Amino acid sequence: GTPTARGVVQMQSKDKCVSAGFWECTAGRFQWIFGWDEFVYVLEGEVTIREDGGTVHTLRPGDSAHFPLGLKTYWHVPRYVKKFFTLRTPEPFNL
């Protein structure tokens with residue numbers, strides 16, 4: 001299916017290069033290329049992420065991961081997933 005995702009930034013550093021918040025997504029598959037360094041902590045649900053090159057990560061509640069700037073990934077969300085994220089962007093992340 002076609003996933004529906006939404007996120008909210010809850011806090012941000014003064015220079016706007018570090019941001020943190022929550023993101024959630026319904027079931028589906030999509031490709032994502034990270035435009036920033038991202039640290040995640042899964043709160044609910046499950047997601048399987050395949051990196052371009054073959055490495056596969058399945059993340060469930062309590063799991064954390066780091067995805068570096070420029071990483072190309074393929075996401076499969078079987079039902080729903082919710083995560084807490086922290087981003088480090090090369091330029092200010094303006095909301």
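Contact here means heavy atoms within 4.5 Å, and with that in mind the tour can begin at a single phenylalanine in what is a predicted model.

**Phe-67 and its surroundings**

Select Phe-67 first, which sits in strand S6, and display the residues around it. Leaving out residues up to four places away in sequence, Phe-67 touches Phe-34, Trp-36, Asp-37, Glu-38, Val-40, Ile-49 and Leu-59. Phe-67 counts as buried because its relative accessible area is 1%, and the cut-off for that word is under 20%. To see how the fold brings separate stretches together here, draw a distance from Phe-67 to Phe-34: the two residues are 33 apart along the chain, yet their C-alpha atoms are separated by 7.3 Å.

**From S6 into S3**

Keep Phe-67 on screen and add Glu-38, since Phe-67 in S6 is the bridge partner of Glu-38. This pair belongs to the antiparallel pairing of S3 with strand S6 (residues 64-67), which extends over four bridges. Now move one residue along to Phe-39, whose bridge partner is Thr-86 in S7. The pairing of S3 with S7 is likewise antiparallel, and it runs over eight bridges.

**Following S7**

Colour S7 next and look at the strands beside it. Which residue stands opposite Thr-86 in S7? Ala-20 takes that place, while Phe-39 is also a bridge partner of Thr-86, so that selecting Thr-86 with these two residues gives a convenient view. S2 and S7 pair in the antiparallel sense, and 15 bridges join them. Farther along the tour of S7, select Ile-49 together with Trp-75, its bridge partner in S7; S4 and S7 are antiparallel and are joined by four bridges.

**The cavity**

Turn on a cavity display at this point. A search of the whole structure finds one cavity of 30 Å³ or more, and about 40 Å³ of space lies in the largest cavity. Its lining is made up of Trp-23, Val-40, Val-42, Val-47, Ile-49, Leu-59, Phe-67, Trp-75, Val-81 and Lys-83, a list that includes Phe-67 and the bridge partners Ile-49 and Trp-75. Two or more lining residues come from each of strand S3 (37-45), strand S4 (47-51) and strand S7 (72-88), and the largest share, three residues, is supplied by S7. Colouring the lining by class gives nine nonpolar residues, no polar residue and one charged residue.

**The pocket**

Now switch to the largest pocket, which holds about 290 Å³ of space. Its lining consists of 14 residues, and those nearest the centre of the pocket are Trp-23, Trp-32, Trp-36, Glu-38 and Phe-85. Trp-23 also appears in the lining of the largest cavity, whereas Trp-36 and Glu-38 have already been met as contacts of Phe-67. Strand S1 (5-12), strand S2 (18-33) and S7 each give at least two residues to the lining of the pocket, with four residues from S7 as the largest share. By class, the lining of the largest pocket comprises 11 nonpolar residues, one polar residue and two charged residues.

**Two loop residues**

Select Lys-16, which is found in the loop between S1 and S2. Lys-16 is not a glycine, but it has a positive phi of about 65°. Is Lys-16 buried or partly exposed? Lys-16 counts as partly exposed because its relative accessibility is 33%.

Asp-52 is the other loop residue to select, and it lies between S4 and strand S5 (56-59). Its relative accessible area of 47% makes Asp-52 partly exposed. With neighbours within four places in sequence set aside, Asp-52 is in contact with Lys-72 and Tyr-74. For a longer view across the model, draw a distance from Asp-52 to Ala-27: these residues are 25 apart in sequence, and 21 Å separates their C-alpha atoms.

**The cysteines**

Finish by selecting Cys-17 and Cys-25. Cys-17 is buried, with a relative accessible area of 16%, and Cys-25 is buried as well, with a relative accessible area of 1%. With a disulfide taken as a pair of cysteine sulfur atoms within 2.5 Å, the count for the model comes to zero disulfides.

How values were computed: Residues numbered from 1 in each chain as written. Predicted model: local features only at pLDDT ≥ 70, side-chain atom pairs only at ≥ 80, totals over all residues. Heavy atoms only, no water. 1 Å grid on protein atoms, 1.4 Å probe; cavity = no way out; pocket = protein on both sides within 12 Å on 5 of 7 lines; lining within 4 Å. Points joined across faces, edges and corners; volume = space filled by probe spheres on them. Nonpolar A, V, L, I, M, F, W, Y, C, P; charged D, E, K, R; others polar. Pairing = 2+ DSSP bridges. Buried < 20%, exposed > 50% of the residue type's maximum accessible area, 1.4 Å probe, protein only.
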